[in-house]
Amino acid sequence: MATLTPKIQKALIVATKLHWNQTRKGDGLPYITHPYAVAFIVARYTHDEDTIAAAFLHDVLEDVQKDDYSDKQMIAEFGANVYEIVKGVSEEKDASISKAKEKDTWEERKKKYLKNLEHDSEESLIVCAADKIHNLNSMIDAYSRQGEAFFEKFNSPTDKKLWFYDEVLKILKKRLHNDIVKELEKTHMNALHTFHLDIA
């Protein structure tokens, strides 16, 4: 188990403050439960301090408005390495963008994300894998409670969402040599089975 270093604890605190009033779209839970879970998953596969800190902060650059927390602030507080790991798993997304515009740009943003994965660092890929593991598990859990109504909350059809996870998995299987990929593959297959889809 990774040690709770001062940097990791600071990342936990900063992430908690910045995501304080946000909720998860699918299940309505406090948003901070997601970065916590991602960091805990990451800590099972690496003891690298910067990677675990980045896991807590991985959604800050895309989900927190720049006026509240900027790229420069992250670099100043956590260093360039943590920033680069977070940047590697961040979509080009403005936190103040309208919901209508966000829907229009969903597929475009995902394609750019996938393209970036082809060049991201191992640390970013580990955070990416943990992020997708938790997202898929959260989707499976919410679906078990809400049924098809769960998918009406999202900006993309179910098959598109699972297509994206399938593409992420393909890239990680090719580029990341870490057992976290096996967990993602198992979780992805569980999701396909749960949602009665076959897009592989």
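**An all-helical fold and its aromatic pairs**

Y113 is buried, and F164 is buried as well. Both residues belong to a predicted model. In that model their rings form a pair. The ring centres of Y113 and F164 are 5.6 Å apart, and the ring planes meet at 65°. An angle over 60 degrees counts as edge-to-face, so the Y113–F164 pair is edge-to-face. The two residues come from distant parts of the chain. Y113 sits in helix α8, which covers residues 106-117, and F164 sits in helix α10. They are 51 residues apart. The pair also belongs to a wider group: W106, Y113, F164 and Y165 are linked into a cluster by ring pairs.

Helix α8 also contains E107. This residue has a relative accessibility of 29%, so E107 counts as partly exposed. Along the chain, E107 and K161 are 54 residues apart. Their C-alpha atoms are separated by 9.4 Å.

The overall fold is helical. The protein has eleven helices and zero strands. Its pattern along the sequence is α-α-α-α-α-α-α-α-α-α-α. The protein has 200 residues, and 52% of them are buried. Among contacts with a separation of 6 or more, 72% are between residues 24 or more positions apart.

Aromatic pairing was then examined across the model. The count is six aromatic pairs. One of them joins Y36 and F56, whose ring centres are 6.0 Å apart. Their planes lie at 80°, so this pair is edge-to-face. Y36 is in helix α2 and F56 is in helix α3, so the pair ties together parts that are 20 residues apart in sequence. The burial of the two partners was also computed. Y36 has 25% relative accessibility and therefore counts as partly exposed. F56 has a relative accessible area of 3%. The cut-off for buried is under 20%, so F56 is buried.

F56 also takes part in helix packing. Two packed helices are described by the angle between their axes and the distance between the axes. For helix α1 (residues 6-18) and helix α3 (residues 49-57), the axes come within 8 Å. They cross at roughly 5°. Angles under 35 degrees count as roughly parallel, so α1 is roughly parallel to α3. On the α1 side, the contact is made by K7, I8, A11, L12, V14 and A15. On the α3 side, the contact residues are E49, D50, I52, A53, F56 and L57. By class, this contact has nine nonpolar residues, three charged residues and no polar residues. An α-helix has 3.6 residues a turn, so residues three or four places apart point the same way.

Helix α11 was examined for length and packing. This helix covers residues 180-194 and has 15 residues. At 1.5 Å a residue, α11 should span 21 Å. Its end C-alpha atoms are 21 Å apart, so the model agrees with the expected span. The buried residues of α11 are I180, V181, E183, L184, T187, H188, A191, L192 and T194. These buried residues pack against three helices: α2 (33-45), α9 (122-146) and α10 (158-175). Two of these partners appear above in aromatic pairs: α2 holds Y36, and α10 holds F164. After α11 comes H196, which has a positive phi near 55°.

Methods. Residues are numbered from 1 along each chain as its sequence is written. This is a predicted model: local features need pLDDT of at least 70, side-chain atom pairs count only at pLDDT 80 or more; totals for chains, interfaces and linings use all residues. Side-chain values use heavy atoms; hydrogens and water are left out. Helices (H or I, at least four residues) and strands (E, at least two) are DSSP runs, numbered from the N terminus. The expected span of a helix is 1.5 Å times one less than its number of residues. Buried means under 20% relative accessible area, exposed over 50%, partly exposed in between (1.4 Å probe, protein chains only). Contact means heavy atoms within 4.5 Å. Axes are lines fitted to C-alpha atoms, for helices over the stretch in contact, and angles run from 0 to 180 degrees between N-to-C directions. Angles under 35 degrees count as roughly parallel, over 145 as roughly antiparallel, 65 to 115 as roughly perpendicular and the rest as oblique. Ala, Val, Leu, Ile, Met, Phe, Trp, Tyr, Cys and Pro count as nonpolar, Asp, Glu, Lys and Arg as charged, and the others, Gly among them, as polar. Rings of Phe, Tyr and Trp (its six-membered ring) pair if their centres lie within 6.5 Å; planes under 30 degrees apart count as stacked, over 60 as edge-to-face and the rest as tilted.
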